[in-house]
Amino acid sequence: MEFKNGPISVFRLIWLSLSTANQAFGSALFMFFLIFVFFGLMGVIIFLSHYISPNLPIILQIVNGLISFFISLIIPLALIQIIASKAEKTGMTAFDSLTSSVIPAFYYIASAIIVGIPCFVVLLAALFSKSAIIMVAVYVAIFFGALPFMFVQQALVLRQNGPIEALKYSWELGCTFYGRILLNFFGALGIVLIVILGSFCVIKLVLPQLAQQVQALANVPQQMLPFMLMGLVSQASKPILICGGIILAALYFYVFLSANAFMTIMFLNLDYSMRGVKNRELDGIPDQHFVPVQPIVGPTPTPEIHQHLGVNKSSVQAEDNPETTSRHLNQVYNAQEHLDRAIDQEEDRMPTILFDDDMLRQLAENEKQMKERAERKSQEQEDDGQKTIKMSDKPL
């Protein structure tokens with residue numbers, strides 16, 4: 001996913017588009033298979049509706065036409081999600097891409113109306129002018145003016161924006177990287193033309209007869225071109241026609257998918273460049289501005305506790321304030337109850353702890369309570385001893 005790391009060249013963009021289209025070929029083909037199955041079921045329902053009512057098939061055909069128009073809007077949005085999932089390794093399925101493109105399709109209709117109305121008004125005015133120069137100027141102005149709105153579909157499905165937000169973001173993205181977008185388009189167009197001309201030159205050298213037939217077809221008028229193609233097709237055998245038809249269909253589909261991948265990957269590259277990769281995952285790349293806080297751990301004396309625990313205060317050296325430290329140590333380590341409790345709990349280590357004033361007060365209060373409990377216990381034992389009745393040794 002090198003398109004996340006800043007601008008990429010036109011050659012790299014085309015290569016990523018071709019490789020991503022290759023990865024998305026199976027999912028896109030399965031998506032079209034699902035659509036084909038759906039329309040097959042609709043055809044069966046329309047056929048069976050003849051036995052219910054003669055007017056019902058007409059209504060179902062109208063509904064089928066509306067569904068076909070809506071699905072024609074869903075298909076490019078679903079392809080964008082499939083391509084983006086393959087490019088970003090998110091693993092979206094073909095069915096998920098279709099279902100998640102239903103609401104963005106309504107948004108796309110609204111955004112197309114918002115953008116299409118001004119363009120329609122300008123074109124209508126140019127038609128009434130009846131001037132070829134004005135028409136050409138209007139077409140060129142519409143192309144370069146509407147170029148920033150070319151990423152509306154990507155913004156709808158990949159950023160999950162509404163129609164107004166998608167138009168705003170596409171406009172902002174297109175205006176910010178206007179020069180790079182033009183460079184990518186004209187660079188890709190130039191590369192495609194070079195590949196086509198180079199392929200034709202190779203075919204002319206290797207298969208001169210095929211090159212002559214292609215030149216002959218290029219010189220045929222458009223009215224006669226279908227008849228010429230039918231004549232060529234009739235001369236070929238059925239296995240060659242079937243294999244050639246499958247190869248041409250797969251090649252056309254792959255080129256169509258590569259064109260969509262080119263637009264989607266260019267949008268992802270510009271999107272990451274626009275937002276600085278702050279709102280997307282970085283695939284394990286750590287944040288350079290995050291510095292983990294390391295805890296400061298000082299050395300802790302670990303005197304061993306034997307049967308009778310003792311603390312040598314002279315071994316403890318105070319560095320900041322000798323008087324305060326000595327007072328703290330006297331209050332902490334002179335408490336015999338604290339030492340006895342440490343032995344009962346089988347503590348094997350006793351860290352050197354410096355208490356503040358609140359902790360010292362709490363410790364003193366606990367020590368006082370412990371002494372009071374010890375005094376009450378001893379007093380109860382004396383009372384029990386006085387109440388004990390001693391039997392007389394004298395005989396009865």
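A nonpolar surface patch is made of residues that have over 30% relative accessible area and no salt bridge, with nonpolar side chains joined within 5 Å. The exercises below apply this and a few other cut-offs to a predicted model.

**Exercise 1. Which residues make the nonpolar surface patch, and which helix gives the most to it?**

Solution. Begin with the members: Val136, Val140, Phe143, Phe144, Phe186, Leu189, Val192, Leu193 and Ile196 together make a nonpolar patch of about 840 Å². Next, assign them to elements: those that give two or more residues to the patch are helix H5 (132–146) and helix H8 (178–206). Finally, compare the contributions: H8 gives the most, with five residues, and Ile196 is a residue that lies in this helix H8.

**Exercise 2. Describe the overall make-up of the protein chain, and check the length of helix H2 against its expected span.**

Solution. The protein chain has 14 helices and zero strands, and of its 396 residues 27% count as buried. For helix H2, take residues 56–88, which are 33 residues; at 1.5 Å a residue the helix should span 48 Å, and because its end C-alpha atoms are 46 Å apart, the two values agree. The expected span uses 1.5 Å times one less than the number of residues.

The step just after H2 also deserves attention, for there Lys89 takes a positive phi of about 60°, although Lys89 is not a glycine. Lys89 is placed in the loop between H2 and helix H3 (94–99), and with 58% relative accessibility it counts as exposed.

**Exercise 3. What salt bridges does a search of the whole structure find, and where do their partners lie?**

Solution. The search finds two salt bridges. In general, side chains of opposite charge can pair when their charged atoms come close. The cut-off needed here is a side-chain nitrogen of Lys or Arg within 4 Å of a carboxyl oxygen of Asp or Glu.

- One of the two joins the side chains of Asp271 and Arg159, at 3.8 Å from N to O. Asp271 lies in helix H11, whereas Arg159 lies in the loop between helix H6 (152–158) and H7, so this pair ties together parts that are 112 residues apart in sequence. Asp271 counts as buried, at 0% relative accessibility, while Arg159 is partly exposed, with a relative accessible area of 25%.
- Another joins the side chains of Glu367 and Lys371, at 3.7 Å from N to O. Both of these residues lie in helix H14 (residues 357–386), four residues apart, which is about one turn of the helix. Glu367 counts as partly exposed at 21% relative accessibility, and Lys371 is likewise partly exposed, with a relative accessible area of 43%.

**Exercise 4. What kind of aromatic pair do Tyr169 and Phe267 form, and why does the pair tie together separate parts of the sequence?**

Solution. The structure holds eleven aromatic pairs. Among them is that of Tyr169 and Phe267, whose ring centres are 6.5 Å apart and whose planes make an angle of 80°; since planes over 60 degrees apart count as edge-to-face, the pair is edge-to-face. Tyr169 lies in helix H7 (residues 163–176) and Phe267 in helix H11 (residues 238–275), so the pair ties together parts that are 98 residues apart in sequence.

Now consider accessibility, where buried means under 20% relative accessible area. Tyr169, at 8%, counts as buried, and Phe267, at 0%, counts as buried as well.

The ring of Tyr169 has a further partner, for the charged end of Arg159 sits over this ring, 3.9 Å from its centre. Arg159 is also the residue whose side chain meets that of Asp271 in a salt bridge. Elsewhere, ring pairs link Phe25, Phe32 and Phe253 into a cluster.

**Exercise 5. Where is Gln160 found, and is it buried or exposed?**

Solution. Gln160 is found in the loop between H6 and H7. Its backbone has a positive phi of about 55°, although Gln160 is not a glycine. At 67% relative accessibility, Gln160 counts as exposed.

For a residue in the helix that follows this loop, take Ile164, which is placed in helix H7 and counts as partly exposed at 41% relative accessibility. Ile164 and Val152 are twelve residues apart in sequence, and their C-alpha atoms are 9.7 Å apart in space.

Technical notes: Residues numbered from 1 in each chain as written. Predicted model: local features only at pLDDT ≥ 70, side-chain atom pairs only at ≥ 80, totals over all residues. Heavy atoms only, no water. Patch = residues over 30% accessible without salt bridge, like charges linked within 9 Å, V, L, I, M, F, W, Y side chains within 5 Å. Areas by Shrake-Rupley, 256 points an atom, 1.4 Å probe, with all protein chains shown as cover. Phe/Tyr/Trp six-rings, centres within 6.5 Å; stacked < 30°, edge-to-face > 60°. Buried < 20%, exposed > 50% of the residue type's maximum accessible area, 1.4 Å probe, protein only. Lys NZ or Arg CZ within 6 Å of the ring centre and 35° of its normal.
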